[in-house]
2 protein chains.
Amino acid sequence: MTLSEEDYIKAIYHLGSGKEQPISTNAIAVQMETKPSSVTDMLKKLSGKNMVKYKKYKGVSLTEHGELTALSIIRKHRLWEVFLVDKLGFAWDEVHEVAEQLEHIKSDKLIDKLDTYLGNPRVDPHGDPIPSKEGEFKKSVKKLISELPLGSEGVCVGVNDSSAAFLKFLDKNGISLGDTLKILEKEDFDGSVSIEVNNKEMRISDQIASNLFLEVLEKN
Amino acid sequence: MTLSEEDYIKAIYHLGSGKEQPISTNAIAVQMETKPSSVTDMLKKLSGKNMVKYKKYKGVSLTEHGELTALSIIRKHRLWEVFLVDKLGFAWDEVHEVAEQLEHIKSDKLIDKLDTYLGNPRVDPHGDPIPSKEGEFKKSVKKLISELPLGSEGVCVGVNDSSAAFLKFLDKNGISLGDTLKILEKEDFDGSVSIEVNNKEMRISDQIASNLFLEVLEKN
DNA sequence: ACAAATATTTAGATTTGTCTAAATTTATAT
DNA sequence: ATATAAATTTAGACAAATCTAAATATTTGT
(Lines give C-alpha, C1' and ligand atoms only; values in the text may rest on other atoms or scores of the structure.)
Protein backbone atom coordinates (compact mmCIF):
# COMPACT_ATOMS: atom_id res chain seq x y z
CA MET A 1 0.00 0.00 0.00
CA THR A 2 1.32 3.41 -0.96
CA LEU A 3 0.78 6.46 1.20
CA SER A 4 -1.76 7.79 -1.24
CA GLU A 5 -3.73 4.54 -1.38
CA GLU A 6 -3.88 4.49 2.42
CA ASP A 7 -5.22 8.03 2.49
CA TYR A 8 -8.00 7.15 0.05
CA ILE A 9 -8.97 4.03 2.02
CA LYS A 10 -9.16 6.09 5.17
CA ALA A 11 -11.27 8.78 3.48
CA ILE A 12 -13.71 6.21 2.13
CA TYR A 13 -13.97 4.63 5.56
CA HIS A 14 -14.70 7.94 7.26
CA LEU A 15 -17.31 8.87 4.67
CA GLY A 16 -18.96 5.47 4.69
CA SER A 17 -18.85 4.56 8.35
CA GLY A 18 -22.21 3.16 9.36
CA LYS A 19 -24.03 4.19 6.19
CA GLU A 20 -25.35 1.56 3.82
CA GLN A 21 -25.23 3.26 0.42
CA PRO A 22 -21.96 3.51 -1.54
CA ILE A 23 -19.78 6.63 -1.41
CA SER A 24 -19.79 9.01 -4.36
CA THR A 25 -16.72 10.02 -6.34
CA ASN A 26 -17.47 13.64 -5.60
CA ALA A 27 -17.66 13.15 -1.85
CA ILE A 28 -14.24 11.52 -1.88
CA ALA A 29 -12.84 14.32 -4.04
CA VAL A 30 -14.08 16.91 -1.52
CA GLN A 31 -12.69 14.97 1.44
CA MET A 32 -9.30 14.44 -0.23
CA GLU A 33 -9.17 17.98 -1.62
CA THR A 34 -8.56 16.66 -5.10
CA LYS A 35 -10.38 16.39 -8.44
CA PRO A 36 -13.08 13.80 -9.20
CA SER A 37 -11.03 12.53 -12.14
CA SER A 38 -8.14 11.73 -9.85
CA VAL A 39 -10.52 9.85 -7.58
CA THR A 40 -11.81 7.76 -10.48
CA ASP A 41 -8.24 6.77 -11.36
CA MET A 42 -7.49 5.73 -7.79
CA LEU A 43 -10.76 3.82 -7.40
CA LYS A 44 -9.85 1.68 -10.39
CA LYS A 45 -6.50 0.98 -8.83
CA LEU A 46 -7.95 0.12 -5.43
CA SER A 47 -10.60 -2.04 -7.07
CA GLY A 48 -7.82 -4.01 -8.76
CA LYS A 49 -6.29 -4.60 -5.35
CA ASN A 50 -9.57 -5.84 -3.90
CA MET A 51 -9.78 -2.99 -1.42
CA VAL A 52 -13.06 -1.53 -2.75
CA LYS A 53 -16.20 -2.59 -4.63
CA TYR A 54 -16.48 -0.11 -7.47
CA LYS A 55 -19.19 0.19 -10.14
CA LYS A 56 -18.82 2.94 -12.73
CA TYR A 57 -21.11 5.87 -11.95
CA LYS A 58 -22.53 3.94 -8.98
CA GLY A 59 -20.10 4.85 -6.23
CA VAL A 60 -17.78 2.76 -4.13
CA SER A 61 -17.63 0.89 -0.82
CA LEU A 62 -14.87 -0.89 1.08
CA THR A 63 -14.46 -4.64 0.86
CA GLU A 64 -13.87 -6.62 4.04
CA HIS A 65 -10.17 -6.35 3.25
CA GLY A 66 -10.39 -2.61 2.68
CA GLU A 67 -12.23 -2.07 5.94
CA LEU A 68 -9.64 -3.98 7.94
CA THR A 69 -6.95 -1.91 6.27
CA ALA A 70 -8.76 1.29 7.22
CA LEU A 71 -9.15 0.17 10.83
CA SER A 72 -5.48 -0.71 11.06
CA ILE A 73 -4.54 2.80 9.89
CA ILE A 74 -7.00 4.39 12.32
CA ARG A 75 -5.59 2.23 15.11
CA LYS A 76 -2.10 3.51 14.36
CA HIS A 77 -3.26 7.12 14.10
CA ARG A 78 -5.02 7.04 17.46
CA LEU A 79 -2.28 5.19 19.32
CA TRP A 80 0.23 7.78 18.12
CA GLU A 81 -2.12 10.52 19.30
CA VAL A 82 -2.17 8.97 22.78
CA PHE A 83 1.64 8.84 22.70
CA LEU A 84 1.94 12.48 21.67
CA VAL A 85 -0.41 13.69 24.41
CA ASP A 86 0.32 11.31 27.29
CA LYS A 87 4.06 10.91 26.84
CA LEU A 88 5.31 13.97 24.97
CA GLY A 89 2.94 16.52 26.44
CA PHE A 90 1.25 17.77 23.28
CA ALA A 91 -2.17 19.35 23.70
CA TRP A 92 -5.04 17.19 22.51
CA ASP A 93 -5.88 19.61 19.71
CA GLU A 94 -2.42 19.84 18.13
CA VAL A 95 -1.63 16.20 17.45
CA HIS A 96 -3.67 15.45 14.37
CA GLU A 97 -1.20 16.61 11.73
CA VAL A 98 1.74 14.71 13.16
CA ALA A 99 -0.37 11.59 13.68
CA GLU A 100 -1.37 11.80 10.00
CA GLN A 101 2.29 11.23 9.20
CA LEU A 102 3.01 8.65 11.89
CA GLU A 103 0.02 6.48 10.92
CA HIS A 104 1.85 5.47 7.73
CA ILE A 105 4.90 3.98 9.47
CA LYS A 106 5.06 0.30 8.57
CA SER A 107 5.95 -2.06 11.42
CA ASP A 108 3.52 -4.36 13.21
CA LYS A 109 6.03 -4.89 15.97
CA LEU A 110 6.27 -1.14 16.54
CA ILE A 111 2.51 -0.78 16.97
CA ASP A 112 2.29 -3.79 19.29
CA LYS A 113 5.02 -2.40 21.50
CA LEU A 114 3.61 1.11 21.40
CA ASP A 115 0.19 -0.22 22.43
CA THR A 116 1.72 -2.06 25.38
CA TYR A 117 3.84 0.93 26.34
CA LEU A 118 0.78 3.18 26.42
CA GLY A 119 -1.13 0.69 28.59
CA ASN A 120 -3.48 -0.58 25.86
CA PRO A 121 -5.63 2.55 25.75
CA ARG A 122 -9.21 2.16 24.51
CA VAL A 123 -9.72 5.76 23.41
CA ASP A 124 -7.59 8.52 21.92
CA PRO A 125 -7.24 12.03 23.37
CA HIS A 126 -10.44 13.10 21.58
CA GLY A 127 -12.40 10.25 23.16
CA ASP A 128 -12.56 8.29 19.91
CA PRO A 129 -12.22 4.52 20.23
CA ILE A 130 -9.03 2.71 19.24
CA PRO A 131 -9.68 -0.43 17.16
CA SER A 132 -8.02 -3.62 18.35
CA LYS A 133 -5.36 -5.37 16.28
CA GLU A 134 -8.19 -7.52 14.90
CA GLY A 135 -10.18 -4.45 13.85
CA GLU A 136 -12.79 -4.58 16.61
CA PHE A 137 -13.92 -1.52 18.49
CA LYS A 138 -16.83 0.05 20.30
CA LYS A 139 -18.47 3.07 18.75
CA SER A 140 -18.44 6.26 20.74
CA VAL A 141 -21.09 8.90 21.24
CA LYS A 142 -21.01 12.48 22.42
CA LYS A 143 -23.40 13.16 25.29
CA LEU A 144 -23.96 15.72 28.04
CA ILE A 145 -22.89 14.63 31.49
CA SER A 146 -26.49 15.11 32.61
CA GLU A 147 -27.63 12.52 30.06
CA LEU A 148 -25.17 9.83 31.14
CA PRO A 149 -25.70 7.05 33.69
CA LEU A 150 -23.67 6.50 36.83
CA GLY A 151 -20.22 5.02 36.28
CA SER A 152 -19.82 6.48 32.79
CA GLU A 153 -16.29 7.40 31.83
CA GLY A 154 -15.38 9.59 28.89
CA VAL A 155 -13.32 12.42 27.49
CA CYS A 156 -14.40 16.06 27.72
CA VAL A 157 -14.87 17.14 24.14
CA GLY A 158 -16.95 20.26 24.14
CA VAL A 159 -19.30 22.69 25.80
CA ASN A 160 -22.85 23.70 25.06
CA ASP A 161 -22.54 27.09 26.65
CA SER A 162 -19.31 28.71 25.56
CA SER A 163 -19.74 31.79 27.71
CA ALA A 164 -16.61 33.23 29.25
CA ALA A 165 -18.00 32.52 32.70
CA PHE A 166 -18.47 28.82 32.00
CA LEU A 167 -15.04 28.39 30.43
CA LYS A 168 -13.52 30.22 33.37
CA PHE A 169 -15.30 27.88 35.77
CA LEU A 170 -13.83 24.86 33.98
CA ASP A 171 -10.38 26.36 34.00
CA LYS A 172 -10.55 27.25 37.69
CA ASN A 173 -11.55 23.70 38.52
CA GLY A 174 -8.75 22.21 36.44
CA ILE A 175 -11.00 20.74 33.77
CA SER A 176 -9.69 20.95 30.22
CA LEU A 177 -11.02 19.56 26.99
CA GLY A 178 -9.26 16.27 26.45
CA ASP A 179 -9.37 15.30 30.12
CA THR A 180 -10.86 11.96 31.11
CA LEU A 181 -13.83 12.30 33.44
CA LYS A 182 -15.77 9.70 35.44
CA ILE A 183 -19.29 10.03 36.87
CA LEU A 184 -19.22 8.80 40.49
CA GLU A 185 -22.60 9.81 41.88
CA LYS A 186 -25.76 11.64 40.90
CA GLU A 187 -27.95 13.52 43.32
CA ASP A 188 -31.62 13.17 42.39
CA PHE A 189 -32.50 16.07 44.69
CA ASP A 190 -30.74 18.85 42.76
CA GLY A 191 -29.26 17.08 39.75
CA SER A 192 -25.71 17.75 40.94
CA VAL A 193 -23.06 15.22 39.98
CA SER A 194 -19.96 13.88 41.68
CA ILE A 195 -17.13 13.41 39.21
CA GLU A 196 -13.50 12.41 39.10
CA VAL A 197 -11.10 14.35 36.84
CA ASN A 198 -7.32 14.26 36.92
CA ASN A 199 -7.43 12.13 40.09
CA LYS A 200 -9.47 14.75 41.88
CA GLU A 201 -13.03 14.28 43.08
CA MET A 202 -15.48 17.16 42.86
CA ARG A 203 -19.15 17.95 42.73
CA ILE A 204 -20.65 19.94 39.87
CA SER A 205 -24.09 21.49 39.63
CA ASP A 206 -26.81 20.36 37.25
CA GLN A 207 -26.18 23.51 35.27
CA ILE A 208 -22.57 22.51 34.65
CA ALA A 209 -23.52 18.90 33.95
CA SER A 210 -25.97 20.05 31.29
CA ASN A 211 -23.34 22.03 29.45
CA LEU A 212 -20.34 19.74 29.29
CA PHE A 213 -20.10 17.10 26.56
CA LEU A 214 -18.38 13.76 27.12
CA GLU A 215 -17.28 11.35 24.40
CA VAL A 216 -18.06 7.89 25.80
CA LEU A 217 -17.80 4.35 24.44
CA GLU A 218 -21.15 2.75 23.71
CA LYS A 219 -21.84 -0.19 25.99
CA ASN A 220 -22.00 -2.58 22.97
CA MET B 1 12.24 18.14 0.81
CA THR B 2 10.80 14.90 -0.53
CA LEU B 3 11.55 11.56 1.04
CA SER B 4 13.81 10.66 -1.86
CA GLU B 5 15.75 13.91 -1.69
CA GLU B 6 16.33 13.37 2.01
CA ASP B 7 17.66 9.87 1.37
CA TYR B 8 20.14 11.17 -1.19
CA ILE B 9 21.34 13.94 1.12
CA LYS B 10 21.89 11.41 3.87
CA ALA B 11 23.76 9.05 1.55
CA ILE B 12 26.06 11.84 0.36
CA TYR B 13 26.70 12.85 3.94
CA HIS B 14 27.59 9.32 5.01
CA LEU B 15 29.89 8.82 2.02
CA GLY B 16 31.58 12.18 2.40
CA SER B 17 31.86 12.47 6.15
CA GLY B 18 35.34 13.73 6.98
CA LYS B 19 36.78 13.26 3.51
CA GLU B 20 37.85 16.24 1.45
CA GLN B 21 37.32 15.12 -2.13
CA PRO B 22 33.86 15.16 -3.71
CA ILE B 23 31.68 12.03 -3.84
CA SER B 24 31.36 10.15 -7.13
CA THR B 25 28.10 9.43 -8.88
CA ASN B 26 28.90 5.74 -8.82
CA ALA B 27 29.50 5.63 -5.08
CA ILE B 28 26.10 7.22 -4.48
CA ALA B 29 24.45 4.78 -6.88
CA VAL B 30 25.94 1.83 -4.98
CA GLN B 31 24.89 3.28 -1.61
CA MET B 32 21.35 4.02 -2.80
CA GLU B 33 21.06 0.75 -4.72
CA THR B 34 20.06 2.60 -7.85
CA LYS B 35 21.51 3.43 -11.29
CA PRO B 36 24.13 6.13 -11.89
CA SER B 37 21.82 7.84 -14.36
CA SER B 38 19.16 8.22 -11.65
CA VAL B 39 21.78 9.72 -9.40
CA THR B 40 22.76 12.27 -12.03
CA ASP B 41 19.13 13.35 -12.33
CA MET B 42 18.78 13.78 -8.60
CA LEU B 43 22.08 15.65 -8.27
CA LYS B 44 20.84 18.24 -10.76
CA LYS B 45 17.70 18.65 -8.75
CA LEU B 46 19.52 18.96 -5.42
CA SER B 47 21.97 21.39 -7.00
CA GLY B 48 19.05 23.56 -8.05
CA LYS B 49 17.88 23.58 -4.44
CA ASN B 50 21.30 24.62 -3.19
CA MET B 51 21.78 21.42 -1.23
CA VAL B 52 24.89 20.23 -3.13
CA LYS B 53 27.80 21.63 -5.13
CA TYR B 54 27.77 19.63 -8.34
CA LYS B 55 30.18 19.78 -11.30
CA LYS B 56 29.51 17.48 -14.23
CA TYR B 57 31.86 14.48 -14.22
CA LYS B 58 33.61 15.91 -11.14
CA GLY B 59 31.46 14.56 -8.33
CA VAL B 60 29.41 16.26 -5.68
CA SER B 61 29.64 17.58 -2.13
CA LEU B 62 27.13 19.01 0.33
CA THR B 63 26.70 22.75 0.74
CA GLU B 64 26.47 24.20 4.23
CA HIS B 65 22.72 24.04 3.83
CA GLY B 66 22.86 20.43 2.66
CA GLU B 67 25.05 19.39 5.56
CA LEU B 68 22.71 20.94 8.12
CA THR B 69 19.84 19.12 6.46
CA ALA B 70 21.73 15.84 6.68
CA LEU B 71 22.52 16.40 10.35
CA SER B 72 18.91 17.18 11.11
CA ILE B 73 17.83 13.89 9.53
CA ILE B 74 20.52 11.97 11.40
CA ARG B 75 19.46 13.64 14.62
CA LYS B 76 15.90 12.47 14.08
CA HIS B 77 17.00 8.96 13.12
CA ARG B 78 19.12 8.51 16.23
CA LEU B 79 16.61 10.04 18.65
CA TRP B 80 13.96 7.64 17.34
CA GLU B 81 16.41 4.77 17.82
CA VAL B 82 16.85 5.75 21.47
CA PHE B 83 13.07 5.86 21.84
CA LEU B 84 12.63 2.43 20.28
CA VAL B 85 15.25 0.83 22.52
CA ASP B 86 14.86 2.71 25.81
CA LYS B 87 11.10 3.15 25.84
CA LEU B 88 9.61 0.42 23.66
CA GLY B 89 12.13 -2.32 24.46
CA PHE B 90 13.43 -3.04 20.97
CA ALA B 91 16.86 -4.65 20.75
CA TRP B 92 19.62 -2.31 19.61
CA ASP B 93 20.11 -4.26 16.36
CA GLU B 94 16.50 -4.27 15.17
CA VAL B 95 15.67 -0.57 15.17
CA HIS B 96 17.37 0.68 12.03
CA GLU B 97 14.63 -0.08 9.53
CA VAL B 98 11.85 1.54 11.56
CA ALA B 99 14.05 4.57 12.32
CA GLU B 100 14.63 4.95 8.57
CA GLN B 101 10.91 5.60 8.28
CA LEU B 102 10.50 7.73 11.40
CA GLU B 103 13.37 10.04 10.46
CA HIS B 104 11.23 11.53 7.69
CA ILE B 105 8.40 12.70 9.97
CA LYS B 106 8.16 16.46 9.69
CA SER B 107 7.62 18.36 12.95
CA ASP B 108 10.25 20.37 14.79
CA LYS B 109 8.07 20.45 17.87
CA LEU B 110 7.87 16.66 17.86
CA ILE B 111 11.63 16.26 17.81
CA ASP B 112 12.14 18.87 20.53
CA LYS B 113 9.66 17.13 22.79
CA LEU B 114 11.03 13.69 21.98
CA ASP B 115 14.55 14.86 22.82
CA THR B 116 13.37 16.20 26.18
CA TYR B 117 11.33 13.08 26.89
CA LEU B 118 14.37 10.88 26.28
CA GLY B 119 16.51 13.03 28.59
CA ASN B 120 18.58 14.71 25.86
CA PRO B 121 20.68 11.66 25.02
CA ARG B 122 24.10 12.27 23.47
CA VAL B 123 24.44 8.91 21.74
CA ASP B 124 22.14 6.39 20.09
CA PRO B 125 21.93 2.68 21.01
CA HIS B 126 24.91 1.96 18.71
CA GLY B 127 27.06 4.54 20.47
CA ASP B 128 26.86 6.99 17.59
CA PRO B 129 26.59 10.66 18.55
CA ILE B 130 23.31 12.56 18.23
CA PRO B 131 23.75 16.00 16.60
CA SER B 132 22.25 18.95 18.47
CA LYS B 133 19.41 20.97 17.00
CA GLU B 134 22.07 23.34 15.65
CA GLY B 135 23.91 20.49 13.92
CA GLU B 136 26.81 20.23 16.36
CA PHE B 137 28.12 16.94 17.61
CA LYS B 138 31.21 15.17 18.84
CA LYS B 139 32.65 12.48 16.63
CA SER B 140 32.82 9.01 18.08
CA VAL B 141 35.51 6.36 17.80
CA LYS B 142 35.55 2.63 18.37
CA LYS B 143 38.27 1.52 20.79
CA LEU B 144 39.15 -1.46 22.96
CA ILE B 145 38.51 -0.98 26.66
CA SER B 146 42.22 -1.56 27.23
CA GLU B 147 43.04 1.46 25.05
CA LEU B 148 40.72 3.87 26.86
CA PRO B 149 41.55 6.17 29.77
CA LEU B 150 39.91 6.13 33.18
CA GLY B 151 36.45 7.64 33.31
CA SER B 152 35.62 6.79 29.69
CA GLU B 153 32.00 6.00 29.02
CA GLY B 154 30.74 4.32 25.87
CA VAL B 155 28.53 1.73 24.28
CA CYS B 156 29.62 -1.89 23.76
CA VAL B 157 29.65 -2.34 20.01
CA GLY B 158 31.73 -5.37 19.20
CA VAL B 159 34.25 -8.00 20.11
CA ASN B 160 37.71 -8.82 18.81
CA ASP B 161 37.57 -12.43 19.82
CA SER B 162 34.22 -13.90 18.84
CA SER B 163 34.91 -17.29 20.36
CA ALA B 164 31.99 -19.04 22.00
CA ALA B 165 33.80 -18.89 25.32
CA PHE B 166 34.17 -15.12 25.21
CA LEU B 167 30.60 -14.50 24.17
CA LYS B 168 29.43 -16.83 26.89
CA PHE B 169 31.48 -14.90 29.44
CA LEU B 170 29.83 -11.66 28.41
CA ASP B 171 26.40 -13.21 28.57
CA LYS B 172 27.01 -14.71 32.00
CA ASN B 173 28.10 -11.33 33.31
CA GLY B 174 25.09 -9.59 31.90
CA ILE B 175 26.97 -7.60 29.28
CA SER B 176 25.22 -7.24 25.92
CA LEU B 177 26.17 -5.29 22.85
CA GLY B 178 24.36 -1.98 23.08
CA ASP B 179 24.93 -1.65 26.83
CA THR B 180 26.51 1.51 28.17
CA LEU B 181 29.75 0.84 30.05
CA LYS B 182 31.92 3.08 32.22
CA ILE B 183 35.58 2.57 33.15
CA LEU B 184 35.94 3.18 36.92
CA GLU B 185 39.46 2.00 37.70
CA LYS B 186 42.47 0.43 36.03
CA GLU B 187 44.94 -1.83 37.83
CA ASP B 188 48.49 -1.27 36.53
CA PHE B 189 49.61 -4.48 38.17
CA ASP B 190 47.64 -6.93 35.99
CA GLY B 191 45.80 -4.68 33.56
CA SER B 192 42.43 -5.59 35.03
CA VAL B 193 39.69 -3.00 34.85
CA SER B 194 36.79 -2.02 37.09
CA ILE B 195 33.71 -1.20 35.11
CA GLU B 196 30.10 -0.26 35.60
CA VAL B 197 27.45 -1.82 33.35
CA ASN B 198 23.70 -1.83 33.90
CA ASN B 199 24.18 -0.27 37.34
CA LYS B 200 26.44 -3.12 38.40
CA GLU B 201 30.12 -2.78 39.22
CA MET B 202 32.50 -5.55 38.22
CA ARG B 203 36.14 -6.25 37.53
CA ILE B 204 37.27 -7.69 34.20
CA SER B 205 40.67 -9.11 33.32
CA ASP B 206 43.10 -7.54 30.84
CA GLN B 207 42.21 -10.31 28.41
CA ILE B 208 38.56 -9.29 28.42
CA ALA B 209 39.41 -5.58 28.25
CA SER B 210 41.53 -6.22 25.16
CA ASN B 211 38.70 -7.90 23.32
CA LEU B 212 35.70 -5.68 23.92
CA PHE B 213 35.14 -2.61 21.73
CA LEU B 214 33.50 0.53 23.06
CA GLU B 215 32.09 3.36 20.94
CA VAL B 216 33.04 6.56 22.80
CA LEU B 217 32.62 10.25 22.07
CA GLU B 218 35.88 12.01 21.24
CA LYS B 219 36.82 14.54 23.88
CA ASN B 220 36.59 17.39 21.31
C1' DA C 1 -40.85 12.25 -20.87
C1' DC C 2 -37.22 14.85 -21.88
C1' DA C 3 -34.27 19.06 -21.58
C1' DA C 4 -31.17 21.05 -18.43
C1' DA C 5 -28.24 20.48 -14.64
C1' DT C 6 -25.13 17.67 -12.20
C1' DA C 7 -21.99 13.89 -11.54
C1' DT C 8 -18.70 10.89 -13.39
C1' DT C 9 -15.50 9.10 -16.54
C1' DT C 10 -12.19 9.36 -20.38
C1' DA C 11 -8.40 11.38 -22.93
C1' DG C 12 -4.35 13.52 -22.90
C1' DA C 13 -0.79 16.20 -20.46
C1' DT C 14 2.43 16.97 -16.37
C1' DT C 15 5.65 15.95 -12.49
C1' DT C 16 8.63 12.95 -9.85
C1' DG C 17 11.60 9.43 -9.71
C1' DT C 18 13.07 5.72 -11.94
C1' DC C 19 15.05 2.79 -15.89
C1' DT C 20 17.90 1.20 -20.36
C1' DA C 21 20.76 2.19 -24.07
C1' DA C 22 23.68 5.28 -26.36
C1' DA C 23 26.89 9.06 -26.27
C1' DT C 24 30.45 11.45 -24.03
C1' DT C 25 34.09 12.38 -20.83
C1' DT C 26 37.85 10.95 -17.87
C1' DA C 27 41.27 7.63 -16.37
C1' DT C 28 44.70 3.95 -17.39
C1' DA C 29 48.09 1.17 -19.55
C1' DT C 30 51.38 0.28 -22.55
C1' DA D 1 50.49 9.64 -26.68
C1' DT D 2 46.83 7.31 -27.71
C1' DA D 3 43.82 3.27 -27.59
C1' DT D 4 41.02 1.03 -24.39
C1' DA D 5 38.48 0.74 -20.22
C1' DA D 6 35.71 2.86 -16.81
C1' DA D 7 32.76 6.41 -15.18
C1' DT D 8 29.35 9.69 -16.15
C1' DT D 9 25.85 12.02 -18.60
C1' DT D 10 22.16 12.39 -22.06
C1' DA D 11 18.12 10.83 -24.47
C1' DG D 12 14.06 8.64 -24.41
C1' DA D 13 10.72 5.70 -22.05
C1' DC D 14 7.83 4.26 -18.07
C1' DA D 15 4.81 4.08 -13.75
C1' DA D 16 2.40 6.65 -10.15
C1' DA D 17 -0.38 10.27 -9.04
C1' DT D 18 -2.12 14.19 -10.34
C1' DC D 19 -4.42 17.85 -13.43
C1' DT D 20 -7.63 20.15 -17.26
C1' DA D 21 -10.86 19.77 -20.80
C1' DA D 22 -14.05 17.06 -23.23
C1' DA D 23 -17.27 13.31 -23.44
C1' DT D 24 -20.73 10.55 -21.39
C1' DA D 25 -24.03 9.02 -17.91
C1' DT D 26 -27.37 10.04 -14.38
C1' DT D 27 -30.60 12.86 -11.98
C1' DT D 28 -34.00 16.46 -11.65
C1' DG D 29 -37.63 19.74 -12.67
C1' DT D 30 -41.46 20.69 -15.08
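Glu94(B) and Lys109(A) meet through their side chains in a salt bridge, with 2.9 Å from N to O. This comes from a predicted model, and the rule finds two salt bridges across the interface of chain B and chain A. The two chains are related by a two-fold axis, and 20 residues surround DNA strand C.

**Contact between the chains**

- Chain B gives 20 residues to the contact, and chain A gives 20 residues.
- About 1700 Å² is buried between chain B and chain A, and 68% of this area lies on carbon and sulfur atoms.
- Seven residue pairs are in polar contact between chain B and chain A, counting pairs with both residues at pLDDT 80 or more.
- On the side of chain B that touches chain A, the elements giving two or more residues are α4 (64–87), α5 (96–102) and α6 (108–117) of chain B.
- Of these, α6(B) gives the most to that side, with five residues.
- By residue class, the side of chain B that touches chain A holds 11 nonpolar, four polar and five charged residues.

**Symmetry**

- A turn of 180° with a shift of 0.0 Å along the axis lays chain B on chain A with an RMSD of 0.1 Å.
- That turn and shift are the relation of a two-fold axis.
- Within chain B, Leu102(B) has the C-alpha nearest the axis, 3.8 Å from it.
- The copies meet through the same surface, because 100% of the interface residues of chain B are also interface residues in chain A.

**Surface near DNA strand C**

- Among the 20 residues that surround DNA strand C, the closest are Lys44(A), Tyr54(A), Thr34(B), Ser38(B) and Lys45(B).
- Of the atoms of DNA strand C that come within 4 Å of the protein, 75% belong to sugar and phosphate.
- From chain A, a polar side-chain atom of Lys56(A) lies 2.7 Å from a phosphate oxygen of DNA strand C, and a polar side-chain atom of Thr40(A) lies 2.8 Å from a phosphate oxygen of this strand.
- From chain B, a polar backbone atom of Lys35(B) is 3.3 Å from a phosphate oxygen of DNA strand C.
- The elements that give two or more residues to this surface are α2 (25–32) and α3 (36–48) of chain A, together with α1 (3–16) and α3 (36–48) of chain B.
- The residues of the surface near DNA strand C comprise five nonpolar, 10 polar and five charged.

Technical notes: Residues numbered from 1 in each chain as written. Chains lettered and ligands numbered in written order. Predicted model: local features only at pLDDT ≥ 70, side-chain atom pairs only at ≥ 80, totals over all residues. Heavy atoms only, no water. Least-squares fit on C-alpha atoms with pLDDT ≥ 70 in both. Contact = heavy atoms within 4.5 Å. Near = heavy atom within 4 Å. Polar contact = N/O pair within 3.5 Å; in protein donor to acceptor, adjacent residues only side chain to side chain. Helix = DSSP H or I, 4+ residues; strand = E, 2+ residues; numbered from the N terminus. Nonpolar A, V, L, I, M, F, W, Y, C, P; charged D, E, K, R; others polar. Buried area = accessible area lost by both parts, 1.4 Å probe. Salt bridge = Lys/Arg side-chain N within 4 Å of Asp/Glu carboxyl O.
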